Amino acid sequence: MPTLFENGDHLARVIPHRRAGADPANNPPAAALILGCRLKALRESLGLTQTAAVRNTGFSNSTLSRLERGESPPEEIDVRALARRYNMVAHEEAQLMQLAAQARRPVWWSRYLEPTAGYLTTFIGLEEAARRIDTYEALVVPGVLQTEAYARDMIERHFLSSEQDKVELAVGLRMERKRRFLDSPPELASILISEFVLQPLVEDKSVMAGQMLHLHAMALTPGIKLRVVPMARIIGLQMASITHLEFDAGGPPPMIYLEGYESADYRPKATGVAGGRNNGADYERHLQLLVKMKARAATRFQSMRLIESAVERYS
């Protein structure tokens, strides 16, 4: 089975990245997912259903489900109750409690939380922890490659004219996320965009020209591999973007992040955190969609020409 980085299609140049050797568990969202994976594996190793696992613990199935999916900061009392329920020895319980503490640590994006969907803030943390990122964006320029003017135009469409304070917070979050991504890139960052993204999605031509020039510069940046999927080669998808995330040893399992118009979901590999018997198959199916899209993308030279043509149209 081909992978996203086979067939001699590696980055031509890879800059040293500051994520190398970092412990993914030091990232709060990643720590929550690692904790969830371990709790689920422990429960399943004992042959317990979620209902049986929470019996006499004082909390509900939904609480355990959220813990196993890493959806919210874990409460110490809940993690300790499960550790006792699963008959864990002292040092194993201590490891879980340490993960729980790491998952509750403050995050830099907390000051931007009001206008931001919860699923996106989780993704930001996982994006920062990932060793490899491969993404396909069908409709707009990926957030980490947007100019401020383009981002502002996209974000303002989702708020009322009276909510300018929320617009400023959302723009600030996107620009800070972009800065951090570029300052500390993953080992491999392969970004696919549909040719539709190059269309005049912003009425102001100067904004589109600036965004296309920025995309052109990003395509020449070491460590970022940007390719365009021509309109005639696009595979119809039911989501706005697909992202594949891989982490260093000790981190969460590899996973697919699917973002729609009003929601998002994760598809972890095999024994991941999202529950449900078909998650492993969903992971493989969406991974292969990315592989197929990658094979349909234009070459580096062709992609640069498509972006240059867009620059000329808006200049």
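Me: Of the contacts between residues at least 6 apart in sequence, what share join residues at least 24 apart?
Reply: In this protein, 75% of them do. Keep in mind that the model is predicted.

Me: How many helices and strands are there?
Reply: The protein has 11 helices and six strands.

Me: And what percentage of the residues are buried?
Reply: Of the 315 residues in the protein, 51% are buried.

Me: OK, strands. In what order do they sit in the sheet?
Reply: The order is β3-β2-β1-β4-β5-β6. The sheet is open, has six strands, and its pairing is mixed.

Me: Which ones are the edge strands?
Reply: β3, residues 224-229, and β6 are the edges, as each of them pairs on one side only.

Me: What's the twist like?
Reply: From one strand to the next, the twist averages 15 degrees.

Me: Let's start from the β3 edge. Do β2 and β3 run parallel or antiparallel?
Reply: Parallel, with six bridges joining β2 (residues 188-194) to β3. One pair to look at is Ser-194, whose bridge partner in β3 is Val-229.

Me: What about β1 and β4, parallel or antiparallel?
Reply: Antiparallel. Six bridges join β1, which covers residues 132-137, to β4. Arg-132 has Glu-246 in β4 as its bridge partner.

Me: Is β4 buried or exposed?
Reply: Six of the six residues of β4 are buried, so the strand is largely enclosed by the rest of the structure.

Me: Which side chains point which way there?
Reply: Ser-241, Thr-243 and Leu-245 point one way, while Ile-242, His-244 and Glu-246 point the other way. All of these residues are buried.

Me: Next one over. How does β4 pair with β5?
Reply: In the antiparallel sense, over five bridges; β4 here is residues 241-246. Thr-243 stands opposite Tyr-257 in β5.

Me: What does Tyr-257 pair with in β6?
Reply: Its bridge partner in β6 is Tyr-266. So on the β4 side you find Thr-243 opposite Tyr-257, and in β6 you find Tyr-266.

Me: How do β5 and β6 pair, and what joins them?
Reply: β5 and β6 (residues 264-268) are antiparallel, with five bridges. The connection is a hairpin, which runs through four residues.

Me: How many residues of β5 are buried?
Reply: Four of the five, counting residues 255-259, so β5 is largely enclosed by the rest of the structure.

Me: Switching to helices. How do you describe two packed ones?
Reply: By the angle between their axes and the distance between the axes.

Me: Then what are the values for α1 and α3?
Reply: The axes of α1 (residues 28-45) and α3 (residues 61-69) cross at roughly 120 degrees and come within 6 Å. That angle makes α1 oblique to α3.

Me: Which residues make that contact?
Reply: From α1 there are Ala-32, Leu-33, Gly-36, Cys-37, Leu-39, Lys-40 and Arg-43. From α3 there are Leu-64, Leu-67, Glu-68 and Arg-69. By class, the contact of α1 with α3 has six nonpolar residues, one polar and four charged.

Me: And α7 with α8, what angle and how far apart?
Reply: α7, residues 148-156, packs on α8, residues 164-183, at an angle of about 135 degrees, and the axes are 10 Å apart. These two helices are therefore oblique to each other.

Me: Left-handed or right-handed crossing?
Reply: α7 passes α8 in a right-handed crossing.

Me: Which residues meet there?
Reply: On the α7 side they include Ala-151, Met-154 and Ile-155, and on the α8 side they include Val-167, Ala-170 and Val-171. The contact of α7 with α8 has seven nonpolar, one polar and five charged residues.

Me: Last topic. Where is Leu-289?
Reply: Leu-289 is in helix α10, residues 279-296.

Me: What is Leu-289 in contact with?
Reply: Setting aside neighbours within four places in sequence, Leu-289 is in contact with Ile-235, Leu-237 and Ile-242. Ile-242 is one of the buried residues of β4.

Me: How far apart are Leu-289 and Tyr-136?
Reply: In sequence, 153 residues; in space, 9.8 Å from C-alpha to C-alpha.

Definitions and conventions:
Residues numbered from 1 in each chain as written. Predicted model: local features only at pLDDT ≥ 70, side-chain atom pairs only at ≥ 80, totals over all residues. Heavy atoms only, no water. Axes fitted to C-alpha atoms, helices over the stretch in contact; angles between N-to-C directions. Parallel < 35°, antiparallel > 145°, perpendicular 65-115°, else oblique. Left-handed = near helix turned anticlockwise from the far one by under 90°. Contact = heavy atoms within 4.5 Å. Nonpolar A, V, L, I, M, F, W, Y, C, P; charged D, E, K, R; others polar. Buried < 20%, exposed > 50% of the residue type's maximum accessible area, 1.4 Å probe, protein only. Pairing = 2+ DSSP bridges.
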